[in-house]
Amino acid sequence: ARTQVWLQGNFYQVFGEGLYGFANAGAYFSLPNETQRQTTLTPVGNLVIAKEISDLLIVFVQTAFNGNFNKEYKAGLKNTSHQWLGGLGVQLQVSNRFSISTELQKPIINDYKSLTSEYEGGLTNLSLNVRYISGN
């Protein structure tokens with residue numbers, strides 16, 4: 001197993017009544033070990049703009065970036081992959097403890113050198129999420 005170190009920062013801003021922005025950026029480092037003599041740097045970033053349409057409905061757009069860079073033994077830092085995504089979603093707040101959301105994410109740039117060309121343009125993601133908060 002490789003040791004990983006994670007560093008992350010978050011930002012939140014109210015732009016106007018019912019209009020919010022959320023941003024986070026970070027990176028994690030996978031340190032070398034006996035079997036993998038490389039350090040891996042993975043920067044990630046995410047920006048979400050959300051608009052309350054009503055007390056129950058929120059629409060949001062988001063963009064995200066992630067990459068992978070390896071510093072190999074005696075070879076230097078190499079970019080092995082990166083991806084930039086765009087997305088659109090909606091969340092229905094059924095109660096204070098329960099919500100349902102869906103989001104469509106599509107790659108804007110998709111450069112995963114380790115994947116074969118059959119994935120070219122085919123990494124669109126549609127998610128359906130259910131959230132329940134238990135407790136007091």
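**Close-up views of a seven-stranded predicted model**

**View 1. Ser127 and the residues it touches.** Leaving out residues up to four places away in sequence, Ser127 touches Ser101, Thr102 and Glu103; contact here means heavy atoms within 4.5 Å. Ser127 sits in strand β7, which covers residues 125-132. Strands (E, at least two residues) and helices (H or I, at least four) are DSSP runs, numbered from the N terminus. With 18% relative accessibility, Ser127 counts as buried, a word used for residues under 20% relative accessible area, while exposed means over 50% and partly exposed lies in between (1.4 Å probe, protein chains only).

A word on the model itself: it is predicted, so local features need pLDDT of at least 70 and side-chain atom pairs count only at pLDDT 80 or more, whereas totals for chains, interfaces and linings use all residues. Residues are numbered from 1 along each chain as its sequence is written, and side-chain values use heavy atoms, with hydrogens and water left out.

**View 2. The whole protein, for orientation.** Before going further in, here is the overall layout. The protein has zero helices and seven strands, and from the N terminus its elements run β-β-β-β-β-β-β. Of its 136 residues, 23% count as buried. Among contacts with a separation of 6 or more, 45% are between residues 24 or more positions apart. The protein exposes about 9,400 Å², and carbon and sulfur atoms supply 59% of that area; accessible areas come from the Shrake-Rupley method with a 1.4 Å probe, and for residues only the protein chains shown count as cover.

**View 3. Aromatic rings on strands β1 and β2****.** How many aromatic pairs does a search of the whole structure find? The search finds three. Rings of Phe, Tyr and Trp (its six-membered ring) pair if their centres lie within 6.5 Å, and planes under 30 degrees apart count as stacked, over 60 as edge-to-face and the rest as tilted. The ring centres of Trp6 and Tyr28 are 5.6 Å apart and the planes meet at 35°, so this pair is tilted. The pair links distant parts of the chain, with Trp6 in strand β1 (residues 4-16) and Tyr28 in strand β2 (residues 19-30), 22 residues apart. Trp6 is partly exposed at 44% relative accessibility, and Tyr28 is partly exposed at 26%. Tyr12 and Phe22 form another tilted pair, at 5.1 Å centre to centre and 40° between the planes. This pair, too, links distant parts of the chain: Tyr12 belongs to strand β1 and Phe22 to strand β2, ten residues apart. Tyr12 counts as partly exposed at 47% relative accessibility, as does Phe22 at 35%. Ring pairs also join Tyr12, Tyr20 and Phe22 into a cluster.

**View 4. The largest pocket and its lining****.** Which residues line the largest pocket? They are Tyr20, Phe22, Val48, Ala50, Glu52, Ile58, Phe60, Gln91 and Glu103. A pocket is found on a 1 Å grid over the protein atoms alone, as an open set of points where a 1.4 Å probe fits, with protein on both sides within 12 Å along at least five of seven lines; lining residues have an atom within 4 Å of a point. The volume of the largest pocket is about 200 Å³, taken as the space filled by probe spheres set on the points, which are joined across faces, edges and corners. Strands β2, β3 (38-52) and β4 (57-72) each supply at least two lining residues, and β3 gives the most, with three. The lining divides into six nonpolar, one polar and two charged residues; Ala, Val, Leu, Ile, Met, Phe, Trp, Tyr, Cys and Pro count as nonpolar, Asp, Glu, Lys and Arg as charged, and the others, Gly among them, as polar.

**View 5. Gln105 in strand β6****.** Gln105 has its place in strand β6, residues 98-112. Is Gln105 buried or exposed? At 16% relative accessibility, Gln105 counts as buried. Beyond its neighbours within four places in sequence, Gln105 is in contact with Gln62, Leu85, Gly86, Gly87, Leu123, Thr124 and Asn125.

**View 6. Val59 in strand β4****.** Val59 lies in strand β4 and is partly exposed at 31% relative accessibility. Not counting residues up to four places away in sequence, Val59 touches Ile49, Ala50, Lys51, Ile53, Gly89 and Val90. The C-alpha atoms of Val59 and Ser101 are separated by 9.5 Å, with their positions 42 residues apart along the chain.
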